[in-house]
Amino acid sequence: MSAPETTVEAATDEAVRRRENSAVLRIGEDDGERLEAESSASDTSMIMNMGPQHPSTHGVLRLMLEMEGETVMRSKPVIGYLHTGMEKTAETLTYLQGPTNVTRMDYAAPLFSELAFSMATEALLGLELPPRATWIRMLMCELNRISSHLLFQATNGMDIGAVSMMLYGWREREEALRLLETITGLRMNHNYIRPGGVAADLPDGWRDEVLTLIDALPARLKEFDTLLTGQPIYRERLQGVGVINTAECLALGVTGPILRSTGYAWDLRRDMPYLAYDEVDFDVVVGTYGDCFDRYAIRLNEIRESIRILAQILDQMPSGDYRVQDKKVTPPPRARIDESMEALIHHFKIFTEGFKVPAGEVYAAVESPRGELGCYMVSDGSAVPYRMHIRGPSFVNLQTLPHLMRGGMVADAVAIISSVDPIMGEVDR
Amino acid sequence: MSDIVETPVLHVSRDQLIETVAGLRDDGYVSALDVTAVDYLEHPGRSDLPPEVEPERFELVVTLISHTTPGRIRLRVQVPADDPTVPTLFDLFPGTEALEREVADMYGIVFEGHPDPTRILMPPDWEGHPLRKDFAVGRIPVQFKATR
């Protein structure tokens, strides 16, 4: 067992570990007050709680900050306030009910959790999707990526103090959500992507509505640029704040815009393509300095890349089935139920008993707006998953907070939380 | 589905875990994506284990990713119920800290050498490990003692 110490220690990792030891405050959730009471008068540091109910914590995130005056020294994110045991619940829901559960995890980008869950189930079933289903999924995911990044623009602006940005970001996001509502029936928690395809075909006129959105957005993004990107106060608040490098990101398991902000081009859509991403043309946006400003700029430009992808999807959308024609997985069409007793029984059985999935285990991952969102699924051959685990990008990315915050001001901490863009529903699950 | 690349699976024992992960890291597996566990207590029949692997109640599942030749690898480690301990991967991949805390919280698997072995999702005074198969859904009617 002595081998690992001697062979694998690269210099960069040493640096990571040193920082790891000094940036993270490793005390129990209830120990803050006790330590505070025991500390001597000469000890100038204090432990301060931020959250869980704080406007800038994006939900219920609590931070224990060790302060030296106004400077943040070590810190620890305390989570679990939104934990509702969704992975336990998943073990009681059939594969067809599963997406309703996972869609509530990352509520700003629900379609990605549905997609990962469905891809895992389909891998166990050995299903091959019809091309139209694949392209509809891609269309929906890119629309969702836009709405999620617009939400980031809104909240990031608000956290920094550019409150008007919140109105603009929210306005644009609402346009995207309205389109999602037209297609799926719901603004959020869509339950649209299901094992075997999608819930319904695209409605009449969807093409015009998507076109309207992607025609209007570039001009609005230009407004964002005017309002924020070139604005000296805004840049002052973000540039050089919360810096992280590639080695640290990889060691911490960080994915998504935070990893890309360090200049490291890693995007599952390009590097390990799923759906039909190898058939569309887009750029992976990377930053240079790994600071808050880079993370802001990456998300802004990823909206532009998504618009590019959407335009190609509009051109290439194939016709055909929107779900597999496998009677075991696919319920009969609604119209058939009125005229056929067998169809009614079939419908009833699929929605009450579900369908059996062959035993096995699988990991399927997609590039969500926050990074790699994976679904690890174990089946025992019954109609409910034996184990369903979601690898949430926010959960892992949250570990960067102590490293990003160390040595900064409390006001920087607010900007940093915002730039990590955690969704607490997915962190706590 | 054709677009999911089959992830290669390695079955390693607890003693070999650190060594194997360290070796994989040298081979270009730059990041530890996921650490999770499965409780096989109620599984009707496990047929996917190679014959030389002795099935145990718990299984630790570690997913690593390589970027140079894009691909993941999955390590499955059998963990017995009467001694649920595993060495921590923190020294190799500090990013496993929160993931290991979650596994410890949900399954009661102890990670030896973990820098912060506290509960992460459940309250600190919680009894039991919710994702174990013998922990029923809704077993505890009043969840937080302070509210009683």
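Is A:Leu238 buried or exposed, and how many other C-beta atoms lie within 10 Å? A:Leu238 is buried, because 24 other C-beta atoms lie within 10 Å and 20 or more is the mark of a buried residue. The close-ups below start from this residue, and they show a predicted model throughout.

**View 1. A:Leu238 and the residues around it in chain A.** Look for A:Leu238 in helix H10 of chain A, which covers residues 232-238. Once neighbours within four places in sequence are set aside, A:Leu238 is in contact with A:Asp291, A:Cys292, A:Phe293, A:Tyr296 and A:Ala415. Take a moment for the partner A:Ala415: 177 residues separate A:Leu238 from A:Ala415 in sequence, yet their C-alpha atoms are 7.1 Å apart in space.

**View 2. Helices H7 and H19 of chain A, side by side.** A:Ala415 returns here, as a residue of H19(A) that takes part in the contact with H7(A). Helix H7 spans residues 131-160 and helix H19 spans residues 410-420. Their axes come within 9 Å and cross at roughly 175°, and the two helices are therefore roughly antiparallel to each other. On the H7(A) side you will find A:Thr155, A:Asn156, A:Asp159 and A:Ile160; they meet A:Val414, A:Ala415, A:Ser418 and A:Ser419 of H19(A). By class, this contact has three nonpolar residues, four polar and one charged.

**View 3. The largest nonpolar core, with residues from chains A and B.** This core holds 154 residues. The members that touch the most others are A:Ala116, A:Ala120, A:Met140, A:Ala364, A:Ile416, B:Leu60 and B:Ile109. The biggest contribution comes from H7(A), which gives 14 residues. A good place to zoom in is A:Met140: beyond its neighbours within four places in sequence, A:Met140 is in contact with A:Leu111, A:Ile183, A:Tyr192 and A:Ile193.

**View 4. The open sheet E6-E7-E8 of chain A, with a helix lying across the strands.** Three strands make up this sheet, with antiparallel pairing. Strand E6 (360-368) and strand E8 (387-391) stand at the edges with a single partner strand each, so one side of each has no neighbour in the sheet. From one strand to the next, the twist averages 10°. E6(A) and strand E7 (residues 371-379) are joined by nine bridges in the antiparallel sense, and A:Val362 has A:Met377 in E7(A) as its bridge partner. Helix H6, residues 110-125 of chain A, lies across E6, E7 and E8 and runs at about 150° to E6(A).

**View 5. The open sheet E1-E2-E3 of chain A and its hairpin.** This sheet also has three strands and antiparallel pairing. Strand E1 (45-50) and E3 are the edge strands, each pairing on one side only. Neighbouring strands are turned by 20° against each other on average, direction ignored. Strand E2 (residues 62-68) and strand E3 (residues 71-78) pair over six antiparallel bridges, and A:Arg62 stands opposite A:Val78 in E3(A). Two residues lie between the strands of this hairpin, where A:Gly69 takes a positive phi near 65°.

**View 6. Strand E3 of chain B between E2(B) and E4(B).** Chain B has two helices and six strands, which follow the order β-α-β-β-β-β-α-β from the N terminus. Of its 148 residues, 38% count as buried. Strand E3 (residues 58-66) is mostly covered, with eight of its nine residues buried. Nine antiparallel bridges link E3(B) to strand E2 (residues 29-39); B:Ser31 is paired with B:Ile65 in E3(B). Nine bridges also join E3(B) to strand E4 (residues 71-79), again in the antiparallel sense, with B:Gln78 in E4(B) as the bridge partner of B:Glu59. E3(B) and E4(B) form a hairpin that has four residues between the strands.

**View 7. Where chain A touches chain B.** Here 53 residues of chain A are in contact with 43 residues of chain B. The chain A side of this contact has 26 nonpolar, eleven polar and 16 charged residues.

Key. Residues numbered from 1 in each chain as written. Chains lettered and ligands numbered in written order. Predicted model: local features only at pLDDT ≥ 70, side-chain atom pairs only at ≥ 80, totals over all residues. Contact = placed C-beta atoms within 7 Å. Nonpolar A, V, L, I, M, F, W, Y, C, P; charged D, E, K, R; others polar. Pairing = 2+ DSSP bridges. Axes fitted to C-alpha atoms, helices over the stretch in contact; angles between N-to-C directions. Parallel < 35°, antiparallel > 145°, perpendicular 65-115°, else oblique. Core = buried A, V, L, I, M, F, W, Y, C linked by C-beta atoms within 7 Å. Buried ≥ 20, exposed ≤ 12 C-beta atoms within 10 Å, placed from the backbone.
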